[in-house]
Amino acid sequence: MNRVVHPIEQESFRRLRARLDTSHFPPLTRAVVERVVHSAADLEYASDLVMDEGELTKAHAALHAGAPVVADVEMVAAGITRRETVCRLGDARSGPGLTRSAHAVRLAYEEVGPGALWVIGCAPTALEELLTLDASPALVIGLPVGFVGAAESKAALRESGLPAVSNVSEKGGSAVAAATLNALLYHPVPSENPEENL
């Protein structure tokens, strides 16, 4: 089913492309960069984001084949359109050496198992906890925001070798994390009929 794009969004993307040349990016990378920049009105994300087109291609296929989507907080879940998500923060409890966000990741993993797409836009501790699990994710969108632990947790994600979208700086947040997943959701699925891909 094709998504109907509102005229305001069309104009916003037109203005974005007038200020930022994204033509050199491969298709899925371009889709993510543009949607993140659009969501934050921050052109610096174009050079701050870190991702791999091959990993995005596999994650895109997994997402459209029905892989579960896990959000670290309800704000991320609310920003993801056209797809149900799992968010267990409401059931989580903090404890000694364990934040509520980290416990929510454990609960979510117990529910979804391996092969999910994880969308973390708020808590660095959620990302840190995910890295301790043998989650075998289809993709980790690791874009937590903050002055304590955010940049470090994203660096650890990149060092882990897991398929991921992250950024180098301390910025991030629920809106950009959800925008990244939405970019993959909105990007068309290649047709099995080669003539339709022309």
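# A walk through the pockets, the sheet and the loops

Let us start at an opening in the surface: helix α2 supplies the largest share of the lining of the largest pocket, 5 residues. Everything described here comes from a predicted model. The largest pocket holds about 550 Å³ of space. In total 21 residues line this pocket, and Arg 3, Arg 35, Tyr 186, His 187 and Pro 188 are the ones that lie nearest its centre. Besides α2 (27-40), the elements that give two or more residues to this lining are α1 (7-19) and α9. What classes of residue make up the lining? There are 10 nonpolar, 4 polar and 7 charged residues.

Helices α1 and α2 turn up again in the second largest pocket, where each supplies at least two lining residues. Here the largest share, 4 residues, belongs to α1. The volume of the second largest pocket is about 170 Å³. Ser 12, Arg 15, Leu 16, Arg 19, Val 37, His 38, Ala 41, Asp 42 and Leu 43 form its lining, which divides by class into 4 nonpolar, 2 polar and 3 charged residues.

One of those lining residues deserves a second look. Ala 41 lies in the loop between α2 and α3 (45-48). Most residues other than glycine have a negative phi. For Ala 41, however, phi is near 50 degrees, a positive value. Is Ala 41 buried or exposed? With a relative accessible area of 73%, Ala 41 is exposed. Arg 82 offers another example of a positive phi in a residue other than glycine, with a value near 65 degrees. You can find Arg 82 in the loop between α5 (74-79) and α6. At 46% relative accessibility, Arg 82 is partly exposed.

Now let us turn to the sheet. Its 5 strands follow the order β1-β5-β4-β3-β2, and together they make an open sheet with mixed pairing. Strands β1 (49-50) and β2 (69-71) are at the edges and have a single partner strand each, so one side of each is left without a neighbour in the sheet.

Begin at the β1 edge. β1 and β5 run antiparallel and are joined by 2 bridges, with Val 50 standing opposite Ser 166 in β5. Moving along, β5 pairs with β4 in the parallel sense, again over 2 bridges, and in this pairing Val 140 stands opposite Ala 164 in β5. At the other edge, β2 pairs with β3 (residues 117-120) in the parallel sense over 3 bridges. There, Ala 71 stands opposite Val 119 in β3.

Strand β5 is a good place to see how side chains are arranged. In a regular strand the side chains alternate between the two faces of the sheet. In β5, Ala 164 and Ser 166 point one way, while Val 165 and Asn 167 point the other way. Are these residues buried or exposed? Ala 164, Val 165, Ser 166 and Asn 167 are all buried.

Helices pack around these strands. Helix α9 (residues 174-186), already met at the largest pocket, lies across β2, β3, β4 (139-142) and β5 (164-167). Its direction makes an angle of about 150 degrees with β3. Another helix to look for is α7 (residues 124-132), whose buried residues are Pro 124, Ala 126, Leu 127, Glu 129 and Leu 130. The cover over these buried residues includes α6, β3, β4 and α8 (150-160).

Finally, look for enclosed space. Rolling a probe the size of a water molecule over the atoms shows where empty space is left. How many cavities of 30 Å³ or more does a search of the whole structure find? The search finds 1, and the space inside this cavity is about 40 Å³. Its lining is made of Val 70, Ala 71, Asp 72, Arg 88, Ser 101, Ala 104, Val 105 and Ala 126. Two or more of these lining residues come from each of β2 and α6 (100-112), with α6 giving the most, 3 residues. By class, the lining has 5 nonpolar residues, 1 polar residue and 2 charged residues. Two names here link back to earlier stops: Ala 71 also stands opposite Val 119 in β3, and Ala 126 is one of the buried residues of α7.

Conventions: Residues numbered from 1 in each chain as written. Predicted model: local features only at pLDDT ≥ 70, side-chain atom pairs only at ≥ 80, totals over all residues. Heavy atoms only, no water. Pairing = 2+ DSSP bridges. Contact = heavy atoms within 4.5 Å. Axes fitted to C-alpha atoms, helices over the stretch in contact; angles between N-to-C directions. 1 Å grid on protein atoms, 1.4 Å probe; cavity = no way out; pocket = protein on both sides within 12 Å on 5 of 7 lines; lining within 4 Å. Points joined across faces, edges and corners; volume = space filled by probe spheres on them. Nonpolar A, V, L, I, M, F, W, Y, C, P; charged D, E, K, R; others polar. Buried < 20%, exposed > 50% of the residue type's maximum accessible area, 1.4 Å probe, protein only.
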